[in-house]
Amino acid sequence: MNITFLYFNGCPNSEPTLENLKTALAELSLDADLSIIEVKDPQQAATLGFLGSPSILVEGRDLETGQPPAGSAFSCRIYEIEGRRTGRLPKEYIKARLSSLS
């Protein structure tokens with residue numbers, strides 16, 4: 001399984017989300033090739049289909065939507081999880097989404 005973690009430098013949510021992703025992968029015992037990409041500018045964001053920091057792609061599909069990224073955004077990313085808005089993806093959310101996409 002190919003997983004890509006995309007972020008931009010200075011995003012306060014990237015490090016906690018990356019740690020949650022790594023923990024989720026370990027707990028699920030998934031054989032994953034994890035790539036970590038720092039997105040440096042809006043042009044690179046457009047090229048990569050970066051939807052905001054942080055974003056996780058699984059086999060080229062966005063973890064949240066399950067679809068290939070449509071468009072791009074060089075900004076912080078906000079998720080709505082269980083009725084709450086957050087920029088940090090919780091480990092249990094990541095585990096649930098990985099299980100549904102694998």
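**Exercise 1. Two loops with positive phi**

Glu82 is found in the loop between S5 and strand S6 (84–86). The model is a predicted one. Task: state what sign phi has at Glu82, and decide whether Glu82 is buried or exposed. Then do the same for Glu59.

Solution.
- Step 1. Take the backbone of Glu82. Its phi is positive, about 55°, although Glu82 is not a glycine.
- Step 2. Take the accessibility. Glu82 has 80% relative accessibility, so it counts as exposed; the cut-off for exposed is over 50%.
- Step 3. Move to Glu59, in the loop between S3 and S4. Glu59 also is not a glycine, and has a positive phi of about 50°.
- Step 4. Classify Glu59. Its relative accessible area is 44%, so Glu59 is partly exposed.
- Step 5. Place Glu59 in its hairpin. S3 and S4 form the hairpin, with 2 residues between the strands.

**Exercise 2. The surroundings of strand S3**

Task: work out which strands pair with S3, and in which sense. Then say where the side chains of S3 point.

Solution.
- Step 1. Start with strand S1 (residues 2–7). S1 and S3 run antiparallel and are joined by 4 bridges. Within this pairing, Phe5 stands opposite Ile56 in S3.
- Step 2. Turn to S4. S3 and S4 pair in the antiparallel sense over 2 bridges. Val58 has Arg61 in S4 as its bridge partner.
- Step 3. Sort the side chains of strand S3 (residues 55–58). Ser55 and Leu57 point one way, Ile56 and Val58 the other way. All four named residues are buried.
- Step 4. Look at the approach to the strand. Pro54 has its place in the loop between H2 and S3. The peptide bond from Ser53 to Pro54 is cis, with omega near -5°.

**Exercise 3. A buried aspartate**

Task: find which strand holds Asp62, decide whether Asp62 is buried or exposed, and name what its side chain meets.

Solution.
- Step 1. Locate Asp62. It is found in strand S4 (residues 61–62).
- Step 2. Classify Asp62. With a relative accessible area of 1%, it is buried.
- Step 3. Find a polar partner. A polar atom of the Asp62 side chain lies 3.1 Å from the backbone nitrogen of Thr65.
- Step 4. List contacts beyond four places in sequence. Asp62 touches Leu51, Ile56, Leu57, Gln67, Arg77 and Leu101.

**Exercise 4. The buried face of H1**

Task: say how the span of H1 compares with the expected one, and why its buried residues line one face.

Solution.
- Step 1. Check the span. H1 has 15 residues and reaches 21 Å from first C-alpha to last, close to the 21 Å expected at 1.5 Å a residue.
- Step 2. Collect the buried residues. In H1 these are Ser14, Thr17, Leu18, Leu21, Ala24 and Leu25.
- Step 3. Look down the axis. The buried residues of H1 fall within an arc of 125°, so they line one face of the helix.
- Step 4. Recall the helix repeat. An α-helix has 3.6 residues a turn, so residues three or four places apart point the same way.
- Step 5. Check the other side of H1. Glu15 and Ala26 are exposed there.
- Step 6. Identify the packing partners. The buried residues of H1 pack against S1, strand S2 (33–38), S3 and H3.
- Step 7. Check the end. Just after H1, Ser29 takes a positive phi of about 55°.

**Exercise 5. The largest nonpolar core**

Task: name the residues that touch the most other members of the largest nonpolar core. Then trace the contacts of Leu21 and Ile56.

Solution.
- Step 1. Find the hubs. The core has 16 residues, and Leu21, Ile56, Leu63, Leu89, Ile94 and Leu98 touch the most other members.
- Step 2. Assign elements. S1, helix H1 (14–28), S3, strand S5 (79–81) and helix H3 (91–101) each give two or more residues to this core.
- Step 3. Separate the other core. Apart from the largest lies another, of 7 residues, among them Leu6, Phe8, Val39 and Ala45.
- Step 4. Examine Leu21 in helix H1. At 0% relative accessibility, Leu21 counts as buried. Beyond four places in sequence, Leu21 is in contact with Ile3, Phe5, Leu34, Ile56, Ile94 and Leu98.
- Step 5. Compare chain and space. Leu21 and Leu98 are 77 residues apart along the chain, yet their C-alpha atoms are separated by 9.6 Å.
- Step 6. Examine Ile56. With residues up to four places away set aside, its contacts include Ile3, Phe5, Leu21, Leu63, Leu89 and Ile94.

Definitions and conventions: Residues are numbered from 1 along each chain as its sequence is written. This is a predicted model: local features need pLDDT of at least 70, side-chain atom pairs count only at pLDDT 80 or more; totals for chains, interfaces and linings use all residues. Side-chain values use heavy atoms; hydrogens and water are left out. Buried means under 20% relative accessible area, exposed over 50%, partly exposed in between (1.4 Å probe, protein chains only). A polar contact is a pair of N or O atoms within 3.5 Å; within protein, one must be able to donate a hydrogen and the other to accept it, and residues adjacent in sequence count only if both atoms are side-chain atoms. Contact means heavy atoms within 4.5 Å. Two strands pair if DSSP finds at least two bridges between them. A nonpolar core is a set of buried Ala, Val, Leu, Ile, Met, Phe, Trp, Tyr and Cys residues joined through side-chain atoms within 4.5 Å. The expected span of a helix is 1.5 Å times one less than its number of residues. The arc is that of the directions from the helix axis to the C-beta atoms.
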